[in-house]
Amino acid sequence: GRRYALGDLLQALVFGMVVRSPTLRDVERDLAMSPVRRELGGRGTPSDTTLDSIIRKLPIAPTRAALRGFIAELWRSKSLESDPAIGLSLVAIDGKVLGSDAVQNHPDAYGQGEGTQRRFILKALRAVQVSSRVKPALDQRIIAADEGEANTFLPFVDDLRADFGGTGLLECITVDAGFTSRENMHGLHEWGIGFIAALKGSQPT
């Protein structure tokens, strides 16, 4: 029955990210115990269920636009300058497991294993600019159950190009062997994006 300002709820979530609270229940506990809670300016300590509810209601498109706009501003203000030892803007793209459960809680979670060992795994591609001290995540995209990592790669990079293509932020992309195919690397080359990639062994494509 309690009501919170949206800003207070978002601030609580950011606080949890900063102190690396692993679950929303931990965010609630850590915020309540924090000696700097009053200085943060947020009112009250929202429960884990309240935080879960607001996360599910946040629309993705404007949230993503705000993230990309923030990163673009960091780039323009030279807060994302690359380590001189690297010498270029390097973005790492890799697959990440977002969740694994015995039941299919998301339409794009794919089944793996049999019987009592069967798990439904939800994965995403994530892009992180790794050459700067800040190392911000640029974006992530859910991997559809029927697509796989390699087939999601070029559409994901094309989305990144829409916001960062003319900035120099996507100067070079590094990937692991799972993404290293002739089609994917040729696509990066056609877009004028450098790449660092390697195969673990000879592959037909």
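This briefing describes the fold, surface, largest pocket and backbone exceptions of one protein chain.

The structure is a predicted model. Its chain holds 7 helices and 6 strands, and 31% of its 205 residues count as buried. The largest pocket encloses about 2000 Å³ of space. Two residues other than glycine, K78 and K135, carry a positive phi.

**Fold and dimensions**

- Read from the N terminus, the order of elements is α-α-α-α-α-β-β-β-β-α-β-α-β.
- Along the principal axes, the C-alpha atoms of the chain occupy a box of roughly 60 × 55 × 30 Å.
- Taking contacts between residues at least 6 apart in sequence, 57% of them link residues at least 24 apart.

**Surface and charge**

- The exposed area of the chain is about 12900 Å².
- Carbon and sulfur atoms account for 53% of that exposed area.
- The chain bears 25 positive and 25 negative charges, and the mean positions of the two sets lie 6 Å apart.

**Largest pocket**

- Rolling a probe the size of a water molecule over the atoms reveals where empty space remains.
- In this chain, the largest pocket has a lining of 37 residues.
- The lining residues nearest the centre of the largest pocket are M17, I55, T63, L67 and Q140.
- Two or more lining residues come from each of the helices α1 (6-18), α2 (24-33), α4 (48-57) and α5 (60-76), and likewise from each of the strands β3 (119-129) and β4 (137-142).
- The greatest contribution to this lining is that of α5, which supplies 8 residues.

**Positive phi outside glycine**

- Most residues other than glycine have a negative phi.
- K78 departs from that pattern, with a phi of about 65°.
- The position of K78 is in the loop between α5 and β1 (90-101).
- K78 counts as exposed because its relative accessibility is 57%, where the cut-off for that class is over 50%.
- K135 likewise has a positive phi, near 55°.
- The loop between β3 and β4 contains K135.
- With a relative accessible area of 46%, K135 is classed as partly exposed.

**Points to retain**

- Helix α5 gives 8 residues to the lining of the largest pocket, and the loop that holds K78 runs between α5 and β1.
- Strands β3 and β4 both give two or more residues to the lining of the largest pocket, and the loop between β3 and β4 holds K135.

Definitions and conventions. Residues numbered from 1 in each chain as written. Predicted model: local features only at pLDDT ≥ 70, side-chain atom pairs only at ≥ 80, totals over all residues. Heavy atoms only, no water. Helix = DSSP H or I, 4+ residues; strand = E, 2+ residues; numbered from the N terminus. Buried < 20%, exposed > 50% of the residue type's maximum accessible area, 1.4 Å probe, protein only. Contact = heavy atoms within 4.5 Å. Areas by Shrake-Rupley, 256 points an atom, 1.4 Å probe, with all protein chains shown as cover. Lys, Arg positive; Asp, Glu negative; His and termini not counted. Charge placed at Lys NZ, Arg CZ, Asp CG, Glu CD. 1 Å grid on protein atoms, 1.4 Å probe; cavity = no way out; pocket = protein on both sides within 12 Å on 5 of 7 lines; lining within 4 Å. Points joined across faces, edges and corners; volume = space filled by probe spheres on them.
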